[in-house]
Amino acid sequence: GDNKKPDLAVTAYWKEAFLAFLEEMKLNEEKLDSSKNNKVVRMLVAFRKYWKEDLRMVLSDSGAPYYRFLVEDCHIECKVKAERTMVTHLGNMLKSEVGTDEECLVKSFMRRYQQEHPQPDHEMRISVFISMNGGNSFP
């Protein structure tokens with residue numbers, strides 16, 4: 001039904017924003033892997049902090065929805081073949097500290113990005129956005 005539409009819009013918005021950010025950071029050729037220094041994963045964790053703290057979104061602590069966002073929505077290649085391994089890694093990375101410089105990069109990018117691309121004007125419910133592809137990681 002129509003109630004899916006806003007969340008598709010939200011997913012599309014954040015997919016475009018995240019990919020534009022990666023391109024600006026010259027990370028658009030990077031692949032996902034399970035290293036703690038993987039830049040794409042680190043940037044996702046920084047985005048998540050922005051979503052939680054600046055936009056007051058309710059977010060999952062499970063790696064699964066973020067895996068789907070990166071791999072299925074953003075089509076970023078993952079070098080780790082076992083999905084479960086990567087999901088666990090993402091879950092662990094979500095608990096890691098975000099560097100101040102990474103946080104600043106995301107904030108300054110989003111300030112500019114939002115001027116050209118206003119957010120969809122319905123309530124930004126990322127818990128729905130990030131669980132959209134079958135939200136089995138949510139109770």
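In this predicted model, helix H2 passes helix H3 in a right-handed crossing. The two axes lie 12 Å apart, and the helices pack at an angle of about 120°. That angle makes H2 oblique to H3, because roughly perpendicular covers 65 to 115 degrees. To find the place where they touch, look on H2 for Val-40, Leu-44, Arg-48 and Trp-51, which meet Tyr-66, Phe-69 and Leu-70 of H3. Sorted by class, this contact has 6 nonpolar residues, 1 charged residue and no polar ones.

Now follow H3 to its other partner here, helix H4. H3 spans residues 64-73 and H4 spans residues 83-94; their axes are 8 Å apart, and the packing angle is about 110°. H3 and H4 are therefore roughly perpendicular to each other. Here too the crossing is right-handed. On the H3 side, the contact is made by Ala-64, Tyr-66, Tyr-67 and Leu-70, while H4 brings Glu-83, Met-86, Val-87, Leu-90 and Leu-94. The class count for H3 with H4 is 8 nonpolar, no polar and 1 charged. If some of those H3 names sound familiar, they should: Tyr-66 and Leu-70 take part in the contact with H2 and also in the contact with H4.

Let us go back to H2 and turn to helix H5. H2 covers residues 39-54 and H5 covers residues 100-116, and their axes come within 9 Å and cross at roughly 65°. H2 and H5 are therefore roughly perpendicular to each other. Their crossing is right-handed. From H2, the residues in contact are Arg-42, Met-43, Ala-46, Phe-47, Lys-49, Tyr-50, Glu-53 and Asp-54; from H5 they are Glu-102, Glu-103, Leu-105, Val-106, Lys-107, Phe-109, Met-110 and Gln-114. What is the mix of classes in the contact of H2 with H5? Its residues divide into 8 nonpolar, 1 polar and 7 charged.

One last stop is the empty space. How many cavities of 30 Å³ or more does a search of the whole structure find? The search finds 1, and about 40 Å³ of space lies in the largest cavity. Its lining is formed by Arg-42, Val-45, Ala-46, Met-93, Ser-96, Glu-97, Val-98 and Glu-102. H2 gives the most to this lining, with 3 residues. By class, the lining divides into 4 nonpolar, 1 polar and 3 charged residues. You have met several of these residues already: Arg-42 and Ala-46 of H2 and Glu-102 of H5 belong to the contact between those two helices, and Arg-42, Ala-46 and Glu-102 are also among the residues that line the cavity.

Notes: Residues are numbered from 1 along each chain as its sequence is written. This is a predicted model: local features need pLDDT of at least 70, side-chain atom pairs count only at pLDDT 80 or more; totals for chains, interfaces and linings use all residues. Side-chain values use heavy atoms; hydrogens and water are left out. Axes are lines fitted to C-alpha atoms, for helices over the stretch in contact, and angles run from 0 to 180 degrees between N-to-C directions. Helices (H or I, at least four residues) and strands (E, at least two) are DSSP runs, numbered from the N terminus. Angles under 35 degrees count as roughly parallel, over 145 as roughly antiparallel, 65 to 115 as roughly perpendicular and the rest as oblique. A crossing is left-handed if the near helix is turned anticlockwise from the far one by less than a right angle, and right-handed if clockwise. Contact means heavy atoms within 4.5 Å. Ala, Val, Leu, Ile, Met, Phe, Trp, Tyr, Cys and Pro count as nonpolar, Asp, Glu, Lys and Arg as charged, and the others, Gly among them, as polar. On a 1 Å grid over the protein atoms alone, a cavity is a set of points where a 1.4 Å probe fits but cannot get out, and a pocket is an open set with protein on both sides within 12 Å along at least five of seven lines; lining residues have an atom within 4 Å of a point. Grid points are joined across faces, edges and corners, and a volume is the space filled by probe spheres set on the points.
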